[in-house]
Amino acid sequence: MSSITSKKLLTLILVLNENEQKILLGMKKRGFGVGLYNGFGGKVEPGETIEEGARRELLEESELEAVEMEKIGNNLFTFENDPVGLDVHIYTTTRYLGEPHETEEMNPQWFSYADIPFHQMWPDDRLWFPYVFNKTKFTGHFHFAQDQKTIISQELIAVQHL
Ligand SMILES: Nc1nc(SCCc2ccccc2)c2[nH]cnc2n1
């Protein structure tokens, strides 16, 4: 049972090449989740919408510009003995400009849908990535142990609208 007193508003954007059935993931070079592959994202700044924040983070972290984005999910991540939850708004983009490049934050790499490096990712990702590939909108709550690696409880629901 999580007892958060506040939530941090965050974004996560997944770049999909649907023709080749590939996803662009970045190896996080510093900060929260360092050493794990993830989508691109981070904090939403004051004065920007969540979607604008996602687009900005993608550009900063990969040098790609999302032309269109689809809202696909919303995950709440909570951690034992941590009063701050992470409210992560998840988007996909299939229409983007530019080529991915390594930045200070991320080293981007394309992966086939069939061989995503889940062993080097957050443990919840293997549970909700199938919803992303099937374009099924979802909400999830994943409650982690203090080690930030072990999932104590989880809820994952398909929804019609986000
Ligand atoms: N895939 C995934 N991502 C995150 S944090 C994503 C939001 C974020 C936070 C800070 C910098 C950049 C992006 C997770 N936390 C717990 N499980 C998780 N799975």
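This is a short exchange about the ligand and the pockets in a predicted model.

Reader: What makes Asn 38 count as a polar contact of the ligand?

Author: A nitrogen atom of the ligand lies 2.9 Å from an N or O atom in the side chain of Asn 38, and because a polar contact is a pair of N or O atoms within 3.5 Å, this pair qualifies. Two aspartates can be set against that cut-off as well: an N or O atom in the side chain of Asp 124 is 2.7 Å from a ligand nitrogen, and a polar side-chain atom of Asp 125 is 3.0 Å from a ligand nitrogen. As for cover, the ligand has 450 Å² of accessible area on its own, and the protein covers 94% of that area.

Reader: Which residues surround the ligand most closely, and what is the make-up of the shell by class?

Author: The shell holds 14 residues, and the closest are Asn 38, Gly 41, Trp 122, Asp 124 and Asp 125. By class, seven residues of the shell are nonpolar, four are polar and three are charged; Gly 41 is counted as polar because glycine belongs to that class by definition. Both β1 (6-17) and α2 (125-133) give the shell at least two residues, and β1, with three residues, provides the largest share.

Reader: How do you know that the ligand sits in the largest pocket?

Author: The ligand is assigned to the largest pocket, which means that more than half of its atoms lie within 2 Å of the grid points of that pocket. The volume of this pocket is about 670 Å³, and among its 35 lining residues Leu 10, Lys 28, Phe 32, Gly 41 and Gly 42 are the closest to its centre. The lining takes at least two residues from each of several elements, including β3 (37-38), α1 (50-62) and β4 (65-79), and it divides into 15 nonpolar, eight polar and 12 charged residues.

Reader: What makes Trp 122 a lining residue of the second largest pocket?

Author: Trp 122 is listed in that lining, so it has an atom within 4 Å of a point of the pocket. Gly 33, Leu 36, Met 121, Pro 123, Asp 147, Gln 148 and Lys 149 are also in the lining, which comprises four nonpolar, two polar and two charged residues, while the volume of the second largest pocket is about 160 Å³.

Definitions and conventions. Residues numbered from 1 in each chain as written. Predicted model: local features only at pLDDT ≥ 70, side-chain atom pairs only at ≥ 80, totals over all residues. Heavy atoms only, no water. Near = heavy atom within 4 Å. Polar contact = N/O pair within 3.5 Å; in protein donor to acceptor, adjacent residues only side chain to side chain. Areas by Shrake-Rupley, 256 points an atom, 1.4 Å probe, with all protein chains shown as cover. 1 Å grid on protein atoms, 1.4 Å probe; cavity = no way out; pocket = protein on both sides within 12 Å on 5 of 7 lines; lining within 4 Å. Helix = DSSP H or I, 4+ residues; strand = E, 2+ residues; numbered from the N terminus. Points joined across faces, edges and corners; volume = space filled by probe spheres on them.
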